[in-house]
Amino acid sequence: MNLFAVFSERVTAAINAVVGDLSHAVAIDLSRVVVEPPRDPSHGDMATNAAMVLSKDFGMKPRELAEKIAEKLRQDADVTAVDIAGPGFINLRLSGDVWYGALRGLLSDAEGFGRSHLGAHRKVNVEYVSANPTGPMHVGHCRGAVFGDALATLLSFAGYDVTREYYVNDAGAQVDVLARSAYLRYREALGEEIGAIPEGLYPGDYLKPVGEKLAAAYGKDLVGKSEAEWLPLVRAAAIAAMLEMIREDLAALNIRHDIFFSEASLHGQGGPVDITLADLRARDLVYEGRLPPPKGQLPDDWEDREQTLFRTQDFGDDTDRPLAKSDGSYTYFASDVAYMKDKIGRGFEELIFVLGADHGGYVKRLEAVAAALSGGKAHVDVKLVQLVRLFRAGEPVRMSKRSGDFVTLRDVVEEVGTDAVRFMMLFRKNDAVLDFDFAKVLEQSRENPVFYVQYAHARTKSVLRNAREALGAGAGTDTASAKLERLSDSGEIALVHKLAEYPRVIEAAALAHEPHRIAFYVHELASDFHSHWNRGNDDQSLRFVQADDVELTSARLALVQAVGLVLKNGLSLLGVRAPDEMR
RNA sequence: GGCCCCGUAGCUCAGCUGGACAGAGCAGCAGCCUUCUAAGCUGUUGGUCGCAGGUUCGAAUCCUGCCGGGGUCGCCA
């Protein structure tokens, strides 16, 4: 249950009641009305901007309108005080029962707390990772992978029907390079001396097992054959092996896609690309023409030439985009168009692409393609994920692709663990550069947010364990009958309020496609809990367990349990574990 | 040169899609403390929200133009 949504409806009802009192009809636009927690808690429990936003519609001054709305709200039994402040804010104070009720609701449905119908089962496709199947994943892929996964989980929690998808680039020139590299390893496996891997091929050792497998499967059968004969066989085997490796890398991060979509499956005579382009031609969206040269520095190999173009410019792109290469084969973009058509055909209204920031130039054309193919029905949101800079105790980690000593995703996960990687990747807005320090994320200190949040959860469990020792095995289990009104300390109340905000955070994060908000929320909740805990050091009466007052203790244990449940709930959306103890 | 992203306290970053005096954590300063679970705790200093206009009752947030940083710029994926 989202308390803010509940009171948003009451505010709407109050506004409508004011409208009903008028002698004349007015048209009002409620879309800008919000009910939110005020920044300063002394202003009240909830605040709405309704009077300021609607003052024009009503033809009244904001404070005058606020007074009329306030009058209606004062009749609500759950509202104990309504006042008008500043330019026309309406501040509400709610009865304790409302908050205790919210807490009780949370406790009775912990797993579902924050779950929302916001998405109304609308179909969303989240495409993420989509790394080329030419080698193991490196850290650069890591952030997009975690981000996409957490976003998908979040949207699904918020009521969307989510498909997690990986686009496999198994059709381009680089998978041929992969095949040639694997072929070399195949000959090596047969005992041939291959020397250094030639420039332009993939040098990594990870292709050796592929070569050995090929040797086992084909013996020497592929040796004398022409490339045209062996390449498709070797390529298929190599791609399969690389995908297997990538799946394992992703599994180490607890990431699983629903669909691995093959680019190659779009090609072939009369395949989806052919069909899509024929359709576009029929709609006059494809033409033969020339493109103006790019401004500024011309590429060395620029030649003015007629080519097959998609009128993406008509749909908001900066220029039209080529569909065929000079040798007549399709561009990557052509596959992309067919792929987009396929997704739209599968009924997705929302298409999310998680891409590296270096793909920023791709945003407009993806939006244009979706607009052209769906008639504006499918909405594209490209989430650009900025790069991750690795540090070891403050020192940047040098990586050089040429020497092949790049840090793999697996290296990182094995060194610091899945939880730390996932949390840190999400503890920053996606479009901000992220510094990742190996030393810091293993630290057991406040400076390490992963530890800080997990520790807060472990502490809630610890309190419950201690309580059972002090008060008997049943302590803290019967939260349903706890007398929550015994919670009266300001720190306790603040925690209750914070907990009640959670569903709102989920919805806002889902709407904005920003899972980092959940990471920040759990960090804040952990912080509030820790600081309330610390108050017990100075003032014994604030400690959760009061042996001489079982009723009070039960109420506090219910609160502690609720904090633990929400921490766990939030962490689970991020794919991070909530350990019961951290010894 | 065109387009995209970023610019908020000394540092690292939030800022709830336009709200109330701009927040947090480090660091700094001043005290306290040795623990119901182990990150010590509490208080406090500190900002012309890159600059200049504009829209609005109201702007860090939206628009325009500059400045600075990064990315990207027919046939690579």
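This is a short tutorial dialogue on reading a few features of a predicted model.

User: What should I know about the model before I start?

Analyst: The model is predicted, so local features need pLDDT of at least 70 and side-chain atom pairs count only at pLDDT 80 or more, while totals for chains, interfaces and linings use all residues. Residues are numbered from 1 along each chain as its sequence is written, chains are lettered from A and ligands numbered from 1 in the order in which they are written, and side-chain values use heavy atoms, with hydrogens and water left out.

User: Which residues come nearest to RNA strand B?

Analyst: Near means that a heavy atom of the residue lies within 4 Å of the molecule or strand. Here 69 residues surround RNA strand B, and F89, R446, S462, R465 and N466 come nearest. Looking at the RNA side, sugar and phosphate make up 52% of the strand B atoms that come within 4 Å of the protein.

User: How many residues of each class does that surface have?

Analyst: Ala, Val, Leu, Ile, Met, Phe, Trp, Tyr, Cys and Pro count as nonpolar, Asp, Glu, Lys and Arg as charged, and the others, Gly among them, as polar. The surface near RNA strand B has 27 nonpolar, 19 polar and 23 charged residues.

User: Where do polar side-chain atoms approach the RNA?

Analyst: A polar contact is a pair of N or O atoms within 3.5 Å; within protein, one must be able to donate a hydrogen and the other to accept it, and residues adjacent in sequence count only if both atoms are side-chain atoms. In R32, a polar side-chain atom is 3.4 Å from a base oxygen of RNA strand B. The side chain of N169 has a polar atom 3.5 Å from a sugar or linking oxygen of the strand, and for Q174 an N or O side-chain atom is 3.0 Å from a sugar or linking oxygen.

User: Is N169 buried or exposed?

Analyst: Buried means under 20% relative accessible area, exposed over 50%, and partly exposed in between, using a 1.4 Å probe and protein chains only. N169 has 7%, so N169 is buried. You will find N169 in the loop between β6 (161-168) and α6 (173-189); helices (H or I, at least four residues) and strands (E, at least two) are DSSP runs, numbered from the N terminus.

User: What does N169 touch?

Analyst: Contact means heavy atoms within 4.5 Å. Leaving aside neighbours within four places in sequence, N169 is in contact with S130, N132, P133, Q174, V175, E263 and Y332.

User: How many aromatic pairs are there?

Analyst: Rings of Phe, Tyr and Trp (its six-membered ring) pair if their centres lie within 6.5 Å; planes under 30 degrees apart count as stacked, over 60 as edge-to-face and the rest as tilted. The whole structure has 17 aromatic pairs. One of them, Y166 with F260, is stacked, at 4.8 Å centre to centre and 25° between the planes. That pair links distant parts of the chain, 94 residues apart, with Y166 in strand β6 and F260 in strand β7 (residues 259-262). Y166 is buried at 0%, whereas F260 is partly exposed at 23%.

User: What lies over the face of F260?

Analyst: A charge sits over a ring if NZ of Lys or CZ of Arg is within 6 Å of the ring centre and within 35 degrees of the ring normal. For F260 it is R247, at 4.1 Å from the ring centre. Likewise, the charged end of K123 sits over the ring of F348, 4.9 Å from its centre.
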